[in-house]
Every structure is written in C-alpha cells, then in structure tokens.
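Dear colleague,

I am handing over the structure below, together with an account of what was found in it. Please read the notes with the structure open beside them.

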Amino acid sequence: MEWHKYFGRKQYNKTPETMWKEEDNKLKKSYSFKDFRAAFAFMNKVADVVNEMNHHPYWTNMYNRVSFELNTHDAGDVVTEKDHQLAAAIDRIYNA
C-alpha cells in the first residue's frame with residue numbers, strides 16, 4: 001500500500017476541519033470525533049500512513065480528540081516538507 005493512495009471512505013462523525021498552525025517549530029492541529037471509537041479508528045488509519053512514510057509524529061488522544069505536533073527530528077526539530085506531506089495525508093484521511 002502506498003501512503004499517498006491510502007484514503008478510505010468511512011465517516012467518523014467529526015467536527016469541521018481547522019487549518020494546521022505552525023508554531024514553536026511544529027505543525028499543530030487537533031481533530032474531534034463523535035466518540036473514542038471513532039477517534040481510535042482514525043488513529044489506526046493514520047498509523048498505517050505514518051509507518052509507510054517512516055515519519056512518526058508526536059500525537060495524543062483524549063477520549064474523542066486526537067492532536068498532532070509534527071516536525072522532523074533528523075532536520076533539527078523543524079518543520080520540513082515531510083511534515084507538510086504527512087499533514088496533508090492526515091487531512092485526507094480525516095476528510096475521506
């Protein structure tokens with residue numbers, strides 16, 4: 001499976017999307033879902049893409065909320081093109 005083609009059609013009963021914010025040398029964004037199961041299903045799909053890209057984010061989950069902070073450790077903990085690609089993939093999964 002190629003990460004850039006990995007986008008299912010399942011709906012997650014989610015809140016409207018917001019933009020990624022770049023601050024503190026990180027891309028940041030949070031997503032809210034109907035419940036924990038929906039949030040966890042989203043995280044599983046993102047995990048497949050993360051592993052395929054070999055670009056592992058800092059992320060947290062609290063009940064129905066999943067938050068990300070993206071930067072590239074190997075580049076000195078700054079935002080790189082790889083972070084923007086992962087952010088776009090996460091958005092596509094969320095919007096699928």
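Strand β2 is mostly covered, with 5 of its 7 residues buried. Please bear in mind throughout that the model is a predicted one. I begin with this strand and its partners, and then turn to the charged side chains, the aromatic rings and the surface.

**The sheet**

The sheet is open and consists of 4 strands in the order β1-β2-β4-β3, with antiparallel pairing. The edges are taken by β1 and β3, each of which has a single partner strand, so one side of each is left without a neighbour in the sheet. On average, neighbouring strands are turned by 20° against each other, direction ignored.

Strand β2 pairs with β1 on one hand and with β4 on the other. The antiparallel strands β1 and β2 are joined by 3 bridges, and β2 and β4, also antiparallel, by 6 bridges. Individual partners can be followed across these strands. L27 in β2 is the bridge partner of E22, and L27 in turn has L70 of β4 as a bridge partner. Further along, Y31 stands opposite V66 in β4.

**The turn between β1 and β2**

Which residues lie in the loop between β1 and β2, and what is notable about their backbone? D24 is placed in that loop, between β1 (21–23) and β2 (26–32), and N25 lies there as well. The hairpin has 2 residues between its strands, and D24 takes a positive phi near 55° in it. For N25, phi is near 60°, again a positive value in a residue other than glycine.

Is D24 exposed or buried? Its relative accessibility is 57%, above the cut-off of 50%, and D24 therefore counts as exposed. N25, at 46% relative accessibility, counts as partly exposed.

**Salt bridges**

How many salt bridges does a search of the whole structure find? The search gives 4. Several of them involve the residues around the hairpin. E23 forms a salt bridge with K28, in which the closest N and O atoms are 3.3 Å apart. The side chain of D24 also meets that of K28 in a salt bridge, at 3.3 Å from N to O. E23, D24 and K28 are thus linked in a network of salt bridges.

The members of this network differ in how they are covered. K28 is buried, with a relative accessible area of 16%, whereas E23 counts as partly exposed at 34% relative accessibility and D24 is exposed.

Another salt bridge joins the side chains of E69 and K26, at 3.6 Å from N to O. E69 belongs to strand β4 and K26 to strand β2, so the pair ties together parts that are 43 residues apart in sequence. Both residues count as partly exposed: E69 has 27% relative accessibility, and K26 has 25%.

**Aromatic rings**

A pair of aromatic rings is described by the distance of the centres and the angle of the planes. The count comes to 11 aromatic pairs in this model. One of them is formed by F33 and F42, a tilted pair with 4.9 Å from centre to centre and 40° between the planes. F33 and F42 are both buried. Another tilted pair is formed by F36 and F40, with 5.6 Å between the centres and 35° between the planes.

F33 and F42 also belong to an aromatic cluster, whose members are W20, Y31, F33, F42, W59, F68 and Y94. Y31 is thus both a member of this cluster and the residue that stands opposite V66.

**A nonpolar patch on the surface**

F36 and F40 both lie in helix α1 (residues 36–53), 4 residues apart, which is about one turn of the helix. F36 is partly exposed, with a relative accessible area of 38%, and F40 counts as partly exposed at 39%.

Together with M62 and Y63, F36 and F40 form a nonpolar patch on the surface, with about 470 Å² of accessible area in total. Y63 is found in the loop between β3 (58–62) and β4 (65–70).

With kind regards

Definitions and conventions:
Residues numbered from 1 in each chain as written. Predicted model: local features only at pLDDT ≥ 70, side-chain atom pairs only at ≥ 80, totals over all residues. Heavy atoms only, no water. Patch = residues over 30% accessible without salt bridge, like charges linked within 9 Å, V, L, I, M, F, W, Y side chains within 5 Å. Areas by Shrake-Rupley, 256 points an atom, 1.4 Å probe, with all protein chains shown as cover. Buried < 20%, exposed > 50% of the residue type's maximum accessible area, 1.4 Å probe, protein only. Pairing = 2+ DSSP bridges. Phe/Tyr/Trp six-rings, centres within 6.5 Å; stacked < 30°, edge-to-face > 60°. Axes fitted to C-alpha atoms, helices over the stretch in contact; angles between N-to-C directions.
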